[in-house]
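Visitor: I am new to this structure and would like a close look at a single part of the surface. Please take me through that part step by step, then point out what else is worth a look.

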Amino acid sequence: MQKNKTIIIVGGGISGLSAGIYAEQNGLHAVILEKNPTVGGFCTGWYRDGKYIDGCLHWLTGTKHGTDLYDIWTSIHAIESDDDIVYLDTWGSFEYEGTTVTFYTDIDKTEKELLEISPKDKRMIKKFTKYVRNVASVDEPLSCPPSMMPLKKLIKYGWSVFKVWPSYLLTMKRSCEKFANKFKHPAIRWAMKRLQPGDGNLFCMLFSYATLVKGNGGLPVGGSLRMVERIKNYFISLGGTLKVNTEVDKILIKSKKACGVILKNGDIMESDYVISALDAHYAITKLLDNKYYIDSIAIGVKNYKKHPCPTACLLSFSIKDIPDINIPHSFSVEPFVVGASTIDHLTIRSYKYDSNFIYGDETVATILIDQYGEDYNTWAKYHDDMKLYRAKKKELGEEVIRRLEKQYPSLIGKIKLLDIATPVTFNRYTNATRGAYMSFLQTPKTSIYMGTGKLVSLSNFYLAGQWMFTPGGLPMAVSTGRFAVQRILEIEKREAIFKPSKVKAQNK
């Protein structure tokens, strides 16, 4: 009988858990090392004043039966039952100068409402909804790395893209702002500029919306923590080893081959392979002492203004008697400065749709304020003086509550601040470069990065995680964890086994 080989996986986020499960399913022993007391990485949540705050999920791409990503989520037990997923009616609504523009998950309903708001914008509205429908017609193949994809599947994907190629070609190099400026109605124009955070290109915005339009973006009931708990329990049930509160300091290398890790406490753990499921820049500069180079990542991190990576300030509240609103709901506000940016709107996300976030007459709600590289630098300077840092967080909470109460007068005196996480918080918890919760945004001036996870001159070591494919996120994290193991199986000359789990039907 062939002796199982061991893979050490650094990082217990979604990519690390995915790699661990896939390794165990294929006869390799996985040891996941996580520096925090809990797994999940960015896919996490926490409690304040006895109330649960979700720190990650706005929707989960890959909840539609029959897609590669759905099969991946079910194979790692992120989804065990159709009852685990809830679908919302809207992607969000945007209120500007008395007009509310809503983007429904029913694209026909969106088109009808937009035309009612502004008949003069008929040509642009039709163009927008056509783009969304075309992008929604394509399912991304994520069952294996592109280099290992069967020819038949590659041709099928290529043909589906070719049929709607103009919608890809015309939006990849176009900004949301330029597209929005084509609309005559001020509220639609304002909304279109804020559908995609920052400088992301038009295609990214369309892709996100199309995900929900085609029913591929539901929300796990109970949020991130409950989903991650299912994944963790399944990994352990397969025989995988999980060590929390275990921080890795360096990758152990002998004869240009990764053969284990050196822990922060000095202990050495040996293995046959090592997968880093961390922030790629941190892994290269810290765990590998900057001796191995990936040009695209290094250049992107250095020139963070040209290659923006989104981070955020996440404010969480407990709100008494919160009204029924579309989720999320954006509205213009009196401008104010957060980090190094001037903010002119807020987006409130109420969790009233899930009983796990409701406590009597109080409901948890969050506001996520977009931040980027220069904002992180500002928050990092604040953090050098903890008294100043706490004062700035307190000031931010007060400014936001004041604007919430102006927008919703019925909530005056009913909003309680539970927590504020800043870009520094995300960096501290995950070692993410400048606190980025996704990798490089696709902008009109940048190209897509697709990494193999392999480093020149270092064998038996692989990178996994959202930094391997722009723009990152959970789909890339869960897929690249599996990709790393598939590449190891190829070296081991083992046939990969992949069996999606059976999902319980929804209760009627």
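Guide: Leu170 counts as partly exposed because its relative accessibility is 47%, and partly exposed covers the range between under 20%, which is buried, and over 50%, which is exposed. This is a predicted model. Leu170 is part of helix H6, and helix H6 runs over residues 165-172.

On the surface, Leu170 belongs to a nonpolar patch together with Trp159, Phe162, Trp165 and Leu169. Taken together, these residues have about 590 Å² of accessible area. Two helices each supply at least two residues of the patch: helix H5 (151-163) and helix H6. The largest share, three residues, comes from H6.

A second patch on the surface is positive, and its members are Lys120, Arg123, Lys182 and Lys184. Lys182 sits in the loop that joins helix H7 (176-180) to helix H8 (186-194). Lys182 has a relative accessibility of 47%, so Lys182 too counts as partly exposed.

Helix H10 gives a view of buried residues. Among those buried in H10 are Gly223, Met227, Ile231, Tyr234 and Phe235; Arg230 and Lys232 are also buried there. H10 has 15 residues, 223-237, and at 1.5 Å a residue they should span 21 Å. The C-alpha atoms at the ends of H10 are 22 Å apart, which agrees with that span. Just after H10 comes Gly239, with a positive phi of about 105 degrees.

Key. Residues numbered from 1 in each chain as written. Predicted model: local features only at pLDDT ≥ 70, side-chain atom pairs only at ≥ 80, totals over all residues. Heavy atoms only, no water. Patch = residues over 30% accessible without salt bridge, like charges linked within 9 Å, V, L, I, M, F, W, Y side chains within 5 Å. Areas by Shrake-Rupley, 256 points an atom, 1.4 Å probe, with all protein chains shown as cover. Salt bridge = Lys/Arg side-chain N within 4 Å of Asp/Glu carboxyl O. Lys, Arg positive; Asp, Glu negative; His and termini not counted. Charge placed at Lys NZ, Arg CZ, Asp CG, Glu CD. Helix = DSSP H or I, 4+ residues; strand = E, 2+ residues; numbered from the N terminus. Buried < 20%, exposed > 50% of the residue type's maximum accessible area, 1.4 Å probe, protein only. Expected span 1.5 Å × (residues − 1).
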